[in-house]
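Please load the model in a viewer and keep a selection panel open. The tour below proceeds by selection, one stop after another.

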Amino acid sequence: MKPRAFAYHAPASVPEALALLAEHSHDAKVLAGGQSLVPLLNFRMSAPEHLIDVNRLPGLDTVVREAGGWRIPALVRQRTVERSLELAAAFPLLPAALAQVAHPQIRNRGTVCGSVAHGDPAAELPTVLTALGATMHVASTRGVRAVPADDFFLFHFTTALEPDELLVGVTLADLPPGTATGFAEFATRNGDFALAAVAGVVHRDDDGVVRSARLVAAGVAGTPVRLAAAEAALVGSALTPAALVAAQHAARGEVDPSGDIHAPGAYRKQLVGVLTRRVLTGLTRQGGVARAGEHGR
Amino acid sequence: MPENTVGEDTHRITTTVNGVTQESVVDSRLSLADFLRHRLRLTGTHVGCEHGVCGACTVHLDGAAVRSCLMFAVQADGHTVDTVEGLANGDELSPLQESFARHHALQCGFCTSGFLMSAAEALREGPVDTPERAREVLSGNLCRCTGYAGLVSAVVEASDGGEGRG
């Protein structure tokens, strides 16, 4: 339960961090909040020779208002986002989902970007950021590139990040008026990983007709999963009970989760349908945010 | 930047632990929890699961409750750490600790320091005056004696008393 010895680097600037990553990309890990990485190190499931601690990088620990949206830089703690009134107003989905990310002691330290870079398919943040159509900003000595969330998550714990790249920030475009968002999760205990979770971002016109929808499920595949059939079932219709049922069945039908010690695949499949409907029901009630957080407590 | 040789990677750090400045030289891989226990002999912080689940190692880093098993001591350089040893004022227990004693909020005691540090942070942030809220606050720590009823009562009473400074 002790990590293998490693060389510890604490760069004082982003260029210095990127140079270290370039130099040691064969066997280096970036340490931010450490709430996922350090357990892996302690179990020696990960044993890098070099640990590049980015916690001393300046100017990356507060959210930034930009033209048309927000930026969440690399060192913004999950707790900071959870408590940001401005971000809560712009993206109520964020605090709704963050409340279900582990516990305050973890969120005090864990970063938003760290969760994204870790790429756990059962984690809330990758799912919610995919639903919000976030853009991941990735830097290396070779330059900076922007990767849409839809292209970022590749497989379990595998992302579009190359070994020499650092996720320097996530940006979110402001949601257009008429957008409602919701999140629903089922976990057996408070703070556990989701057996399944669904995040929804639905844009309706003045007549209440759905113009676009993004529905994303967690915990049912190697990445956050767009529920494309359920989205298609909604577009062009008002959020009528019949449309909700159609979306529920579509969502259930388009995922094929595997089972594990926590729940069989068929159960998770059923959950995705139910959670999809709960998210959508929440949207019809509020026209705004559904905080349909569900814990089996 | 000079290359560090794996296995000989040590760092000089300065931390403020329970108000006392500590200068130390630590291996990269020394956890904050082990630093507190083995180097500073502050053995009130306990090490349970060593992967961030049980909460026994909870301490305050710059006032925020964190898992000291998921941090390396070198990362605490320049920061302030408070442990369970810092809660009491000499022999006088803090109101939260008094409340724990009154409500039998501990049995074997292994998890207690982590629960105290988690609850102390929550009480500093705001009231924890309902059992439901207390359960939420306590949910990040595990008690294998399952003494949760006493823990919930203790935290609610500490909050009701307006003595939530931990």
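Which radius of gyration does chain B have, and what would a compact globule with 166 residues have? Chain B has 17 Å, which agrees with the value near 15 Å for such a globule. The radius of gyration is taken over C-alpha atoms, and the globule rule is 2.2 Å times the number of residues to the power 0.38.

The model is predicted: local features need pLDDT of at least 70 and side-chain atom pairs count only at pLDDT 80 or more, whereas totals for chains, interfaces and linings use all residues. Residues are numbered from 1 along each chain as its sequence is written, and chains are lettered from A and ligands numbered from 1 in the order in which they are written.

**Stop 1: chain B as a whole**

Select chain B and display its C-alpha trace, which spans about 55 × 30 × 25 Å along its principal axes. Chain B has five helices and five strands; helices (H or I, at least four residues) and strands (E, at least two) are DSSP runs, numbered from the N terminus. Along the sequence the pattern of chain B reads β-β-α-β-β-β-α-α-α-α.

**Stop 2: the sheet of chain B**

Next, select the five strands of chain B, which form an open, mixed sheet in the order 2-1-5-3-4. Two strands count as paired if DSSP finds at least two bridges between them. At the edges are strand 2 (20–27) and strand 4 (64–67) of chain B, each of which pairs on one side only. From one strand to the next, the twist averages 40°; axes are lines fitted to C-alpha atoms, for helices over the stretch in contact, and angles run from 0 to 180 degrees between N-to-C directions.

Now restrict the selection to strand 1 (residues 10–17) and strand 2 of chain B, which pair in the antiparallel sense over eight bridges. Label Thr15(B): its bridge partner in strand 2 of chain B is Gln22(B).

**Stop 3: a helix across the sheet**

Add helix 3 (residues 112–125) of chain B, which lies across strand 3 (58–61) and strand 4 of chain B. Helix 3 runs at about 40° to strand 3 of chain B. Two residues are in contact if their C-beta atoms, placed from the backbone, lie within 7 Å.

**Stop 4: two domains in chain B**

Colour domain 1 (10–86) and domain 2 (95–160) of chain B separately; these bounds come from an automatic or database domain assignment. The C-alpha centres of the two domains of chain B lie 22 Å apart. Their contact takes 13 residues from domain 1 and 11 residues from domain 2 of chain B. On the domain 1 side, strand 3 of chain B gives the most, with three residues. That side divides into seven nonpolar, six polar and no charged residues. Here Ala, Val, Leu, Ile, Met, Phe, Trp, Tyr, Cys and Pro count as nonpolar, Asp, Glu, Lys and Arg as charged, and the others, Gly among them, as polar.

**Stop 5: the interface with chain A**

Show both chains: 24 residues of chain A are in contact with 24 residues of chain B. Strand 1 (7–9), helix 2 (37–42) and helix 6 (104–107) of chain A each supply at least two residues of the chain A side. This side of chain A comprises 11 nonpolar, nine polar and four charged residues.

**Stop 6: chain A alone**

Finally, hide chain B. Chain A has 12 helices and 16 strands. Its C-alpha atoms fill a box of roughly 60 × 45 × 30 Å, taken along the principal axes.
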